[in-house]
Amino acid sequence: MGEVDPAFFQDPEHRPRIVFTEAERIPLIDLSPILSSGNVSAVEGLVSEIRKACKEWGFFQVINHGVPLEKRQRIEAAARKFFAQSLEDKRKVRRNEKEVLGYYETEHTKNVRDWKEVFDFTIEEPTFVPASHEPDDKEVTEWINQWPEYPPEIREACQEYAQEMVKLAYKSMELVAQSLGLPADSFRGFFKDQTSFIRLNHYPPCPDPELALGVGRHKDGGALTILAQDDVGGLEVKRKTDGEWVRVKPTPNAYIINVGDIVQVWSNDEYESVEHRAMVNSERERFSIPFFFNPAHYTMVKPLEELTNEQNPAKYWAYNWGKFITNRKRSNFQKLNVENIQIYHFRI
Ligand code: OGA
Ligand code: NI
């Protein structure tokens, strides 16, 4: 990527500010009480920290999460090697309208091009999804991983890392369930045929970091996202109290977890999926690895009955997760002239 093409320009009101707020941090949560599994009051304390973080920020960072550092370093090193190849080599595993996973360098968020390149792979092999976003098309298909030849260790590094993310995701979902006053395993069943995937993000240095974004402002559509960011920094979260964009300062070996749209719907707006974006800079390339924890494609997403009643009726109609995600994938692939699908379209 050389000179900045106007396709990357954000509308003036969405352009990043180079001087940013880092004053208040998203909560930092120590997960050691659940690893040592014993002390009931320590777990209770943890659950109330999760509740507070989900209510106030929709985001938190975790430490002592149990993911071995060496697994993270291995996938990060493989990602670096993969993206350092020529465009021609990377395009050997390029995504297309049929194969939605693999390498991709022209993703759009809200119809503006992102200053990034990505490599996506799915966790379950096979991962079943609807064949199209058309509501009446009942055909189911598979997402197929396209593994690069180089570096040779990338496949194993990705698969091993994915197993760690799945474990952490289940633990985090249990805490979220408890924080909503539900039994820990309340959400487990939704993830049996999960459509979770992992994205390797590479944000090259950008000559015009005040005009473009690495990822434009968006909310994550799934249940939870677990993000590993490197030491460069660039992730910004929209603070709920005042709408200010707050930079998330990198903490070594921590993971950033946020609740996505599905938790917002399941919790009937008790928790909100919060907008975030990633800035780029003119000096240093940046890498990040989000894990998107997503339920089975056939899941009908709707507010949980345990969390609704006459005083607090369901705020959303049920929607099909598979159709939602295929719709999103399509709009991120093409620049369409319409807004992509959002949960507020299902608001009652
Ligand atoms: C995403 C995302 C942030 C980052 O890929 O959904 O929000 O810091 N990424 O890479
Ligand atoms: Ni995101």
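The following paragraphs describe the sheets, a packed helix and the metal site of a predicted model.

The model contains an open sheet of eight strands, arranged in the order S1-S2-S14-S11-S16-S9-S6-S3 and with mixed pairing. Strand S1 (28-30) and strand S3 (102-104) form the edges, and because each has a single partner strand, one side of each is left without a neighbour in the sheet. From one strand to the next, the twist averages 25°. Helix H5 (residues 154-179) packs on this sheet, where it touches strand S6 (117-122), strand S9 (197-203), S11, S14 and strand S16 (286-293), and the direction of H5 makes about 130° with that of S11. The length of H5 can be checked against the rise expected for a helix: at 1.5 Å a residue, its 26 residues should span 38 Å, and the end C-alpha atoms are 36 Å apart, which agrees. H5 is followed by Gly 181, a residue whose phi is positive, near 80°.

Within the eight-stranded sheet, strand S14 (residues 255-259) pairs in the antiparallel sense with strand S11 (residues 224-229) over four bridges. In the register of this pair, Leu 224 stands opposite Val 259 in S14, while the bridge partner of Thr 225 in S14 is Asn 258. S14 is also joined by four bridges to strand S2 (residues 59-63), and these two strands run antiparallel; here Gln 61 stands opposite Ile 256 in S14. S14 is mostly covered, five of its five residues being buried. In a regular strand the side chains alternate between the two faces of the sheet. For S14 both faces are covered, since Tyr 255, Ile 257 and Val 259 on one side and Ile 256 and Asn 258 on the other are all buried.

Strand S6 shows burial on both of its faces as well: Glu 117, Phe 119 and Phe 121 lie on one side, Val 118, Asp 120 and Thr 122 lie on the other, and all are buried. Six of the six residues of S6 are buried, so this strand is largely enclosed by the rest of the structure. S6 pairs with S3 in the antiparallel sense over three bridges, and Val 118 in S6 is the bridge partner of Tyr 104. S6 is joined to S9 by six bridges, with the two strands running antiparallel; in this pairing, the bridge partner of Thr 122 is Phe 197 in S9.

An open sheet of four strands is also present, with the order S10-S15-S12-S13 and antiparallel pairing. Its edge strands are S10 and strand S13 (245-247), each of which pairs on one side only, and the twist averages 20° from one strand to the next. Strand S12 (residues 235-238) pairs with S13 in the antiparallel sense over three bridges, and Val 246 in S13 is the bridge partner of Val 237.

The nickel ion (ligand 2) is coordinated by His 218 (NE2), Asp 220 (OD) and His 276 (NE2), at 2.1 to 2.2 Å. Along the chain, the donors of this ion follow the spacing H-x1-D-x55-H. Asp 220, in the loop between strand S10 (215-218) and S11, and His 276, in strand S15 (residues 276-278), are 56 residues apart, and the pair thereby links distant parts of the chain. Asp 220 is buried, with a relative accessible area of 6%, and His 276 is likewise buried, with a relative accessible area of 6%.

UniProt, in an unreviewed entry, lists residues 194-295 for "domain: Fe2OG dioxygenase". Over residues 194-295 the chain is 6% helix and 39% strand, and the end C-alpha atoms of this range are 5 Å apart.

A further residue considered is His 108, which lies in strand S4 (residues 108-109). With a relative accessibility of 12%, His 108 counts as buried, because the cut-off for that class is under 20%. His 108 and Glu 156 are 48 residues apart in sequence, and the distance between their C-alpha atoms is 29 Å.

Methods:
Residues are numbered from 1 along each chain as its sequence is written. Chains are lettered from A and ligands numbered from 1 in the order in which they are written. This is a predicted model: local features need pLDDT of at least 70, side-chain atom pairs count only at pLDDT 80 or more; totals for chains, interfaces and linings use all residues. Side-chain values use heavy atoms; hydrogens and water are left out. Two strands pair if DSSP finds at least two bridges between them. Axes are lines fitted to C-alpha atoms, for helices over the stretch in contact, and angles run from 0 to 180 degrees between N-to-C directions. Contact means heavy atoms within 4.5 Å. The expected span of a helix is 1.5 Å times one less than its number of residues. Donors are N, O and S atoms within 2.8 Å of the metal (3.2 Å for Na, K and Ca); water is not among the atoms, so sites may look incomplete. Buried means under 20% relative accessible area, exposed over 50%, partly exposed in between (1.4 Å probe, protein chains only). UniProt positions are given in the numbering used here, feature names are shortened, and annotations may be inferred rather than shown by experiment.
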